[in-house]
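This report covers how the side chains pack, where space is left open, and which aromatic rings pair up. Keep the structure in view while reading.

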Amino acid sequence: MSNTPMAASPLTRAVLEIDEYVSGLGWDQPARLFALVDTARLRAEQPSLADRLGLAEGEAAPGLTPIEQEEVPADRPLDEFLATIAWPDSVAGCALTVERLMLPPSAEAQVPQGLDEAKLAQWVAEHPERQEVRMTVAVLRDGARESALRLREKDSPTEVLTGSGLVPGLAEALAATFEE
């Protein structure tokens, strides 16, 4: 968490920690899913796992520890995959990183009518104003949300945009994984 501001909330710190980790893997990565667990609870209930994660007792640590989950299937729509997830009570929240192409709002008026999903994706991929973005979105059981956005063309820890409402649709889908 070398670039994570200490004054940030535990959820913001967790999102920035995940963003930093994934950025170290480079671009063109698959989606990655993380469980967010309370660090103190992890130390108390699973000390051997906490040791493997480098969460030594007594050290200052974030309030939430991200734990990467199994691979997100690339051959399945993300919303369908997320609908299959149920978290145990020990998980305080979850986070997901995905890379997408996005267009500026000014390009919305240019979108051709009647394109199916595949043709729309192709149109966006070929648009001269497209930008590649990595989104890290996290939610907690209590409804708290946070996001981090990193543009490929501004791939620097000082250029990461954070905010709770940056990717509301994805945040809603993640929040639904905690509904009974």
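Two residues are in contact when heavy atoms lie within 4.5 Å. Leucine 174 touches Leu82, Cys94, Leu96, Val137 and Val139, leaving aside residues up to four places away in sequence. The model is a predicted one.

**Nonpolar cores**

Leucine 174 belongs to the largest nonpolar core, which has 28 residues. Leu174 is among the residues with the most contacts inside this core, along with Leu78, Trp87, Leu96 and Leu170. Several elements give two or more residues to this core: β1 (32–38), α3 (47–52), α4 (78–82), β3 (93–102), β4 (131–140) and α6 (168–175). Strand β4 gives the largest share, four residues. A second, separate core has 14 residues, including Leu16, Ile18, Leu64 and Val160. In general, nonpolar side chains in soluble globular proteins tend to be buried together.

**Pockets**

What is the volume of the largest pocket? It is about 650 Å³. The lining of the largest pocket has 16 residues, and Arg100, Leu101, Met102, Ala121 and Val124 lie nearest its centre. Elements β3, α5 (117–126) and β4 each supply at least two lining residues. Helix α5 provides the largest share, five residues.

The second largest pocket holds about 210 Å³ of space. Its lining includes Gln29, Pro30, Val72, Arg76, Leu78 and Glu99. Here β3 gives the largest share, three residues. Arg100 lines the second largest pocket and is also among the residues nearest the centre of the largest one. By class, the two linings divide as follows.

| Pocket | Volume | Nonpolar residues | Polar residues | Charged residues |
|---|---|---|---|---|
| Largest | about 650 Å³ | 12 | none | four |
| Second largest | about 210 Å³ | eight | one | three |

**Aromatic pairs**

The count comes to two aromatic pairs. Tyrosine 21 and phenylalanine 34 meet edge-to-face, with 6.2 Å centre to centre and 90° between the planes. This pair links distant parts of the chain, 13 residues apart: tyrosine 21 sits in helix α1 (residues 10–23) and phenylalanine 34 in strand β1. Are the two partners buried or exposed? Tyrosine 21 is partly exposed, because its relative accessible area is 40%. Phenylalanine 34 has a relative accessible area of 3%, so it is buried.

Tryptophan 87 and phenylalanine 178 are stacked, at 6.2 Å centre to centre and 20° between the planes. Tryptophan 87 lies in the loop between α4 and β3, and phenylalanine 178 in the segment after α6, 91 residues apart. Both tryptophan 87 and phenylalanine 178 are buried.

How values were computed:
Residues numbered from 1 in each chain as written. Predicted model: local features only at pLDDT ≥ 70, side-chain atom pairs only at ≥ 80, totals over all residues. Heavy atoms only, no water. Core = buried A, V, L, I, M, F, W, Y, C linked by side-chain atoms within 4.5 Å. Buried < 20%, exposed > 50% of the residue type's maximum accessible area, 1.4 Å probe, protein only. 1 Å grid on protein atoms, 1.4 Å probe; cavity = no way out; pocket = protein on both sides within 12 Å on 5 of 7 lines; lining within 4 Å. Points joined across faces, edges and corners; volume = space filled by probe spheres on them. Nonpolar A, V, L, I, M, F, W, Y, C, P; charged D, E, K, R; others polar. Phe/Tyr/Trp six-rings, centres within 6.5 Å; stacked < 30°, edge-to-face > 60°.
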